[in-house]
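Student: I would like a close look at one enclosed space inside this protein and at what surrounds it. Please start from the lining and then work outwards.

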Amino acid sequence: MPRVPLLPEHPEDPAAKALFDEVRRAQGPGFHMPHLYRVLGTAPEMFRGWLDFAWPLRLKAQTARPLRELLILRGAQVAGTAYEWAHHVPMATAAGVSDAQIDALADWHTSSLFDAQERAVLQLAEEVTRGPAASEATVAQLRTCGFDDAAVVELVLTASFYVCVSRFLQSMNVELEPGYDKDLARM
């Protein structure tokens, strides 16, 4: 059970309701509010900040979405955050990450399924998630793989943000919604 009660799908609080309505407009009218958002909505100003930070990382970044999804999934594995994993497997698949790559993530070091850019991003995910930071060698490897300074910032920021997501989910004990557990065995 979450440590803060979930808001209802249609909260009475006007600020939370406005944010939920915004999310539904972006996602479609049949969108079910994830438990994460139903906890975040308890603090509308914080939820606003979350949306303003998270959505550009997901939707406006210049680095390839499949790379970022691999980074997020590997971070979720390292952190042991089932909620994050379960929500991002479908996103990764939709972005073009193969099932074989998803299944090989835990052993990416020895897998032949990842190219040099993907390996650099996966190394970044591990270092940032384990902390305290990405190593100079990994940042240099990102540059060697063709990422410019803006892309390096984007990737490090994405990895760092999803550490925050993981810590929040675990600290608040946010439970996975029904139907999202089908990919957990792959974690």
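Which element gives the largest share of the lining of the second largest cavity, and how many residues does that share hold?

Tutor: The model is predicted, so local features need pLDDT of at least 70 and side-chain atom pairs pLDDT 80 or more, while totals for chains, interfaces and linings use all residues. Residues are numbered from 1 along each chain as its sequence is written, and side-chain values use heavy atoms, without hydrogens or water.

The element is α4, which contributes four residues to the lining of the second largest cavity. Helices here are DSSP runs of H or I with at least four residues, numbered from the N terminus. A cavity is a set of points on a 1 Å grid over the protein atoms alone where a 1.4 Å probe fits but cannot get out, and its lining residues have an atom within 4 Å of a point. The second largest cavity holds about 40 Å³, a volume being the space filled by probe spheres set on points joined across faces, edges and corners. Its lining consists of Leu-57, Arg-58, Arg-65, Arg-68, Glu-69, Ile-72, His-88, Thr-158 and Tyr-162. Besides α4, the helices α3 (44-59) and α9 each supply at least two of these residues. By class, three of the lining residues are nonpolar, two polar and four charged (Ala, Val, Leu, Ile, Met, Phe, Trp, Tyr, Cys and Pro are nonpolar, Asp, Glu, Lys and Arg charged, the others polar).

Glu-69, one of the lining residues, belongs to helix α4. Its relative accessible area is 1%, so Glu-69 is buried (under 20%; exposed is over 50%, partly exposed in between, with a 1.4 Å probe and protein chains only). Beyond neighbours within four places in sequence, Glu-69 is in contact (heavy atoms within 4.5 Å) with His-88, Met-91, Ala-92, Ala-95 and Val-97. Among these partners, His-88 also lines the second largest cavity.

The structure holds two cavities of 30 Å³ or more, and the largest encloses about 50 Å³. Its lining includes Ile-72, Thr-158 and Tyr-162, residues that also line the second largest cavity. Other members of the lining of the largest cavity include Leu-71, Gly-75, Glu-84 and Ser-166. Both α4 (65-79) and α9 (149-171) supply at least two residues to that lining, which divides into seven nonpolar, four polar and one charged.

Tyr-162 leads on to the aromatic residues, as one cluster holds Trp-50, Phe-53, Phe-161, Tyr-162 and Phe-168. The whole structure has six aromatic pairs (ring centres of Phe, Tyr or the six-membered ring of Trp within 6.5 Å; planes under 30 degrees apart are stacked, over 60 edge-to-face, the rest tilted). In the tilted pair of Trp-50 and Phe-168, the centres are 5.9 Å apart and the planes meet at 55°. This pair joins helix α3 to helix α9 across 118 residues. Trp-50 is buried because its relative accessible area is 11%, whereas Phe-168 reaches 22% and therefore counts as partly exposed.

Arg-58 and Met-91 return at the largest pocket, which holds about 520 Å³. A pocket is an open set of points with protein on both sides within 12 Å along at least five of seven lines. Of its 26 lining residues, Phe-31, Pro-34, Arg-58, His-87 and Met-91 are closest to the centre. The greatest contribution, six residues, comes from α5, and by class the pocket lining has 18 nonpolar, four polar and four charged residues.
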